[in-house]
Amino acid sequence: MLKARIRPHGGIHPDSHKQLTSHSPVITMQAPWRLVLPLKQHAGAPALPVVAVGDTVKADQLIAKGNGRFSMPIHAPLAGVISAVDHGNITIKVDTQNPRSSAGNIARANNTLSREEMIHLIEEAGIVGMGGAMFPTADKLRLSMSYLIDTLIINGSECEPYLTCDDRLMQEQGERIMGGIRYLQQITLADKVFIGIEENKPEAIAAMEALCATEENMQVVGLPALYPMGSEKQLIEAVTGRQVPSGKLSADVGVLVQNVATSIAIFEALRFGRPLTHRVITISGDAVEVPSNVMAPVGMPISEIVAQCGGLKSTPARIVLGGPMMGRAINDIHAPVTKGTSGVLLLTEDELPNPKASACVRCGRCIGACPMSLTPLDMVAELKVDNFAKAADMGVMDCLLCGSCAYVCPAAIPLTQYFDWGKQEIGKIRLSEQKTARTCLNSAARRERLEREAAEKEAAKAAKASRRPSRRNSASVTEESA
């Protein structure tokens with residue numbers, strides 16, 4: 001096993017809580033009585049429904065098509081009847097007697113598809129990044145068609161506390177991960193592959209090292225157990241020593257990164273023609289009776305998953321989709337899981353920080369913890385007085401919103417919330433400036449067009465007048481003729 005080349009700047013060591021589920025094999029959920037599938041499960045515009053209420057659908061059937069760039073299609077995870085198409089969701093009443101009824105999958109031989117064909121099939125399968133960002137995988141892979149990619153990194157770091165779904169996938173489904181990696185090599189033409197795994201996952205490291213033993217130019221890299229090691233820029237720096245400049249893509253330094261779960265989805269799509277309809281999710285927290293790793297269909301309500309994990313021990317003080325650091329808190333336990341849901345945490349009051357915010361003491365801990373080498377205490381001071389331009393100059397748009405600064409802040413200042421709000425406001429300002437600039441350009445173009453048309457009209461009138469004989473000349477011609 002290789003060691004990380006560089007220990008990235010910053011980062012923190014939060015309590016992992018992974019022991020709750022790290023030794024829990026993945027269990028498959030029984031079919032629920034209904035699925036609620038949001039039309040927006042990707043970075044772009046919501047998908048467009050291609051089914052109507054009353055339609056019977058089979059498992060893996062297309063139910064919503066992509067809607068422009070970055071938008072992705074959605075497929076029915078289980079067979080059933082469409083019971084609602086509204087509020088940005090498609091609801092399926094599941095055929096619980098025969099939920100996996102489908103038209104059947106295909107089995108493709110390896111090495112029979114071109115790079116373009118593979119990317120197209122990945123797009124048709126609706127695959128998005130399953131680490132949480134849900135960026136369309138096909139769009140990311142298309143970068144390899146215009147950038148020289150020499151290194152492929154498979155992200156198995158799983159640095160968020162509580163989450164162990166990727167750990168279990170590496171232990172239990174390593175062959176499928178390897179199958180996906182081989183397809184990714186064919187697509188990206190990368191000649192080196194590194195599988196980055198934090199060193200607090202020895203079983204996963206051993207499993208993947210055994211599979212890499214017979215592979216050329218493919219190695220496992222042991223990473224320090226440091227949050228946010230799973231962030232793309234930090235992972236690239238740790239594995240390769242390369243830094244991705246501000247405002248640039250990983251492809252600019254010759255690297256593409258994919259999550260281990262995404263690799264499995266790619267393998268399933270290209271080898272067997274299966275769309276992304278199920279995923280492994282960690283269900284954890286002290287409020288749930290049996291913390292588990294589960295294979296669940298996309299769209300399954302959280303309440304039904306929890307019920308199959310023994311139910312609740314107590315009313316959760318907070319429900320989080322994803323990890324506790326970068327996840328999203330929700331209020332509805334009946335909300336559905338999506339393609340990007342890596343975990344559902346049902347946390348008690350004892351698991352939540354409960355400090356009261358006070359004035360900044362200028363200790364500088366946030367600076368030391370920031371993985372992007374930013375100065376959070378100065379940026380938040382500018383945001384508090386609405387000085388968005390200065391905050392942008394200081395790099396707030398590079399903020400990962402990882403929460404490291406807020407975690408170490410002794411004054412309990414909600415730094416991440418400030419930066420999230422600031423980035424949104426700066427985005428609105430930039431969008432407004434772009435619209436104003438477009439309006440000015442359109443106005444200038446219209447003015448030029450009107451002036452050009454007026455000039456052309458005057459020129460046409462002058463030309464017509466020059467061709468028309470005057471009345472005096474006409475009279476002279478008549479007299480001479482007489």
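Student: How much area does the protein chain expose, and what share of it do carbon and sulfur atoms supply?
Tutor: The model is a predicted one. The exposed area of the protein chain comes to about 23,200 Å². Carbon and sulfur atoms supply a share of 51%.

Student: What radius of gyration does the protein chain have beside that of a compact globule of 482 residues?
Tutor: The C-alpha trace spans about 120 × 65 × 50 Å along its principal axes. For a compact globule of 482 residues the radius of gyration would be near 23 Å. The protein chain instead has 29 Å.

Student: What percentage of the contacts with a separation of 6 or more joins residues 24 or more positions apart?
Tutor: The protein chain contains 14 helices and 18 strands, and 48% of its 482 residues are buried. Among contacts with a separation of 6 or more, the share from residues 24 or more positions apart is 73%.

Student: How far apart are the centres of the positive and negative side chains?
Tutor: The protein chain carries 51 positive and 50 negative side chains. The centres of these two sets are separated by 7 Å.

Student: Which strands do the buried residues of α6 pack against?
Tutor: Helix α6 covers residues 232–240, and seven of its nine residues are buried. Those buried residues are Q234, L235, I236, E237, A238, V239 and T240. After the helix comes G241, with a positive phi near 85°. The strands packed against the buried residues of α6 are β10, β11, β12 and β13.

Student: What is the largest C-alpha distance within the annotated set C360, C363, C366 and C409?
Tutor: An unreviewed UniProt entry gives these four positions the feature "binding site". They are spread over 50 residues of sequence but cluster in space. The largest C-alpha distance is 10.7 Å.

Student: Is C360 buried, partly exposed or exposed?
Tutor: C360 sits in the loop between β18 and α9. Leaving aside neighbours within four places in sequence, its contacts are L377, A411 and I413. The relative accessible area of C360 is 39%, and buried means under 20% while exposed means over 50%, so C360 is partly exposed.

Student: Why does C409 count as buried?
Tutor: C409 belongs to the loop between α12 and α13. A residue is buried when its relative accessible area is under 20%. C409 therefore counts as buried because its relative accessibility is 16%.

Student: What is the largest C-alpha distance among C370, C399, C402 and C405?
Tutor: These residues are also covered by a "binding site" annotation from an unreviewed UniProt entry. They are spread over 36 residues of sequence, yet cluster in space. Their largest C-alpha distance is 10.5 Å.

Student: Which residues does C370 touch, not counting those up to four places away in sequence?
Tutor: C370 lies in the loop between α9 and α10. C370 is buried, with a relative accessible area of 9%. Not counting residues up to four places away, C370 touches H9, G10 and P376.

Student: Which residues does C399 touch, not counting those up to four places away in sequence?
Tutor: The loop between α11 and α12 holds C399. C399 counts as buried at 13% relative accessibility. Not counting residues up to four places away, C399 touches L374, F419 and K423.

Student: Which residues is S22 in contact with, leaving aside neighbours within four places in sequence?
Tutor: S22 is located in the loop between β1 and β2. S22 is buried, with a relative accessible area of 14%. Leaving aside those neighbours, S22 is in contact with T164, R168 and Q171.

Conventions:
Residues are numbered from 1 along each chain as its sequence is written. This is a predicted model: local features need pLDDT of at least 70, side-chain atom pairs count only at pLDDT 80 or more; totals for chains, interfaces and linings use all residues. Side-chain values use heavy atoms; hydrogens and water are left out. UniProt positions are given in the numbering used here, feature names are shortened, and annotations may be inferred rather than shown by experiment. Helices (H or I, at least four residues) and strands (E, at least two) are DSSP runs, numbered from the N terminus. Buried means under 20% relative accessible area, exposed over 50%, partly exposed in between (1.4 Å probe, protein chains only). Contact means heavy atoms within 4.5 Å. The radius of gyration is taken over C-alpha atoms; the globule rule is 2.2 Å times the number of residues to the power 0.38. Accessible areas come from the Shrake-Rupley method with a 1.4 Å probe; for residues, only the protein chains shown count as cover. Lys and Arg count as positive and Asp and Glu as negative; His and the chain ends are not counted. The place of a charge is taken as NZ of Lys, CZ of Arg, CG of Asp or CD of Glu.
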